[in-house]
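User: I would like to see how the terms used for this model follow from their cut-offs. Please set each value against its definition.

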2 protein chains.
Amino acid sequence: MADKKVPESTISRLFIYLREVTELAKLNIRTISSSELGERTNLSDAQVRKDLGYFGQFGVSGSGYAVKELKEALEKILGRDKTLKVALLGAGRLGAALLSYAGFGKDGLEIVAAFDRDPRKIGKETAGVTIQGIDRIAEEVRKNDISIAVLAVPAGAAQEVADVVTGAGVECLLNFAPVSLNVPENVKVKDVDLSRELAILSYFALKNNSNGETG
Amino acid sequence: MADKKVPESTISRLFIYLREVTELAKLNIRTISSSELGERTNLSDAQVRKDLGYFGQFGVSGSGYAVKELKEALEKILGRDKTLKVALLGAGRLGAALLSYAGFGKDGLEIVAAFDRDPRKIGKETAGVTIQGIDRIAEEVRKNDISIAVLAVPAGAAQEVADVVTGAGVECLLNFAPVSLNVPENVKVKDVDLSRELAILSYFALKNNSNGETG
DNA sequence: TAGATTGTTAATCGATTAACAATC
DNA sequence: TAGATTGTTAATCGATTAACAATC
């Protein structure tokens with residue numbers, strides 16, 4: 001049972017493979033080899049086979065992978081068939097945008113509760129969800145079986161809110177606040193920081209510029 | 001001169017250090033050791049010193065790093081003093097949101113041109129930028145010295161637009177379209193896919209659930 | 001000086017890539 | 001059968017961590 005640990009980078013690529021085979025299925029392509037799939041995703045054939053190998057044997061020697069079956073296998077592995085409950089922390093500008101973001105449903109996620117500290121926001125409704133005070137977090141998490149919390153609060157409030165929500169038993173956080181959160185070690189945090197992505201890119205742009213000058 | 005190659009993960013962490021020392025400077029804290037900085041960012045002291053070591057010697061044995069100097073050094077390394085020109089490709093819903101996104105300026109980036117294929121959008125203005133047809137890309141890139149392109153077009157159009165813009169000499173792309181782009185090898189692409197981030201997180205949430213059941 | 005902390009080299013760890021026997 | 005391609009093990013590569021002499 002104790003499968004070897006799967007790298008997060010593998011999980012991330014699995015979604016890329018799924019995207020591709022979904023496309024291939026639409027085009028009525030029946031089978032694909034690891035090297036073809038790798039070409040389409042800018043990855044190596046070895047990488048494709050290794051990644052899939054963590055989860056079983058999906059291919060056929062000599063002919064490759066059946067597109068339809070691989071698609072279904074990936075959907076199952078990645079839990080695309082299940083719906084998870086999400087709590088939104090912070091109903092400001094970003095929070096409101098996320099509440100009305102249509103993509104969540106497609107990804108098997110459903111925002112079932114939203115919280116804010118601002119008394120003027122409490123009781124208001126956006127996209128079918130009523131905003132509640134943060135003192136209600138623990139009870140709502142339990143009641144609704146919430147497994148993911150999205151932190152869309154200001155940087156200064158993020159740690160406190162993270163404490164409350166992890167204290168209530170939530171183990172997965174998507175953190176939009178630009179701070180390094182301290183959480184218990186069973187909790188998984190994913191930081192999303194568009195500013196930083198852009199900044200990294202601009203670092204490379206600057207480097208290219210100066211290379212151009214000297215080289 | 002030929003400095004050893006700096007890992008992208010190091011660059012990414014440099015922004016985290018910068019965020020932290022900016023905070024420390026506000027609090028009038030004068031010096032910080034690698035282990036204290038590591039504690040505040042959930043990284044090890046060795047990691048902090050290694051990362052900084054790629055760019056020079058900023059610390060003082062026995063006392064650590066001068067906050068103000070480290071902040072200034074990081075800003076310089078990361079190019080926070082320079083402004084780069086950005087082209088926005090695709091002026092749909094996401095594109096419009098990015099155009100009005102206030103954070104770009106803070107990050108040393110300026111959207112100087114926007115393009116869309118839809119004739120009904122061409123000529124319209126958002127946030128001070130007039131939307132142009134995609135046939136104008138090459139000339140505008142040259143004229144404005146654009147070094148970064150943000151792709152906010154539908155998946156089906158992304159590759160074609162990427163070809164045009166890289167053909168015009170842009171070497172850094174921020175790609176919001178959920179496709180694997182093929183670009184020349186001197187071009188740096190950064191994919192931003194909120195759906196995938198969420199999906200990865202939900203994968204971990206599901207795994208935690210099933211662990212809970214069996215363990 | 002004694003204590004603290006750096007910068008850097010060496011050791012470890014983990015992920016990617018290459019290779020190839022097994023198999024369709 | 002011959003050709004193609006898998007699954008998996010071994011080799012390589014690169015990043016993180018540990019260790020410690022140098023230094024304030």
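The exchange below takes up the protein interface and then the DNA surface.

Analyst: This is a predicted model, in which local features need pLDDT of at least 70 and side-chain atom pairs count only at pLDDT 80 or more, while totals for chains, interfaces and linings use all residues. Residues are numbered from 1 along each chain as its sequence is written, and side-chain values use heavy atoms, with hydrogens and water left out.

User: Why is the pair Arg19(A) and Asp193(B) called a salt bridge?

Analyst: A salt bridge requires a side-chain nitrogen of Lys or Arg within 4 Å of a carboxyl oxygen of Asp or Glu. The N to O distance between the side chains of Arg19(A) and Asp193(B) is 3.5 Å, and therefore the pair qualifies. Between chain B and chain A the count is four salt bridges.

User: What makes up the area that chain B and chain A bury between them?

Analyst: Buried area is the accessible area (1.4 Å probe) that two parts lose on being put together, summed over both. For chain B and chain A this comes to about 4800 Å², with 66% of it on carbon and sulfur atoms. Leu198(B), Leu201(B) and Tyr203(B) supply 14% of the area that chain B buries against chain A, more than any other three residues.

User: Why does Arg49(A) count as being in polar contact with DNA strand D?

Analyst: A polar contact with DNA is a pair of N or O atoms within 3.5 Å. An N or O atom in the side chain of Arg49(A) is 2.8 Å from a base nitrogen of DNA strand D, so the criterion is met. A polar side-chain atom of Gln47(B) lies 3.4 Å from a phosphate oxygen of DNA strand D.

Notes: Chains lettered and ligands numbered in written order. Polar contact = N/O pair within 3.5 Å; in protein donor to acceptor, adjacent residues only side chain to side chain.
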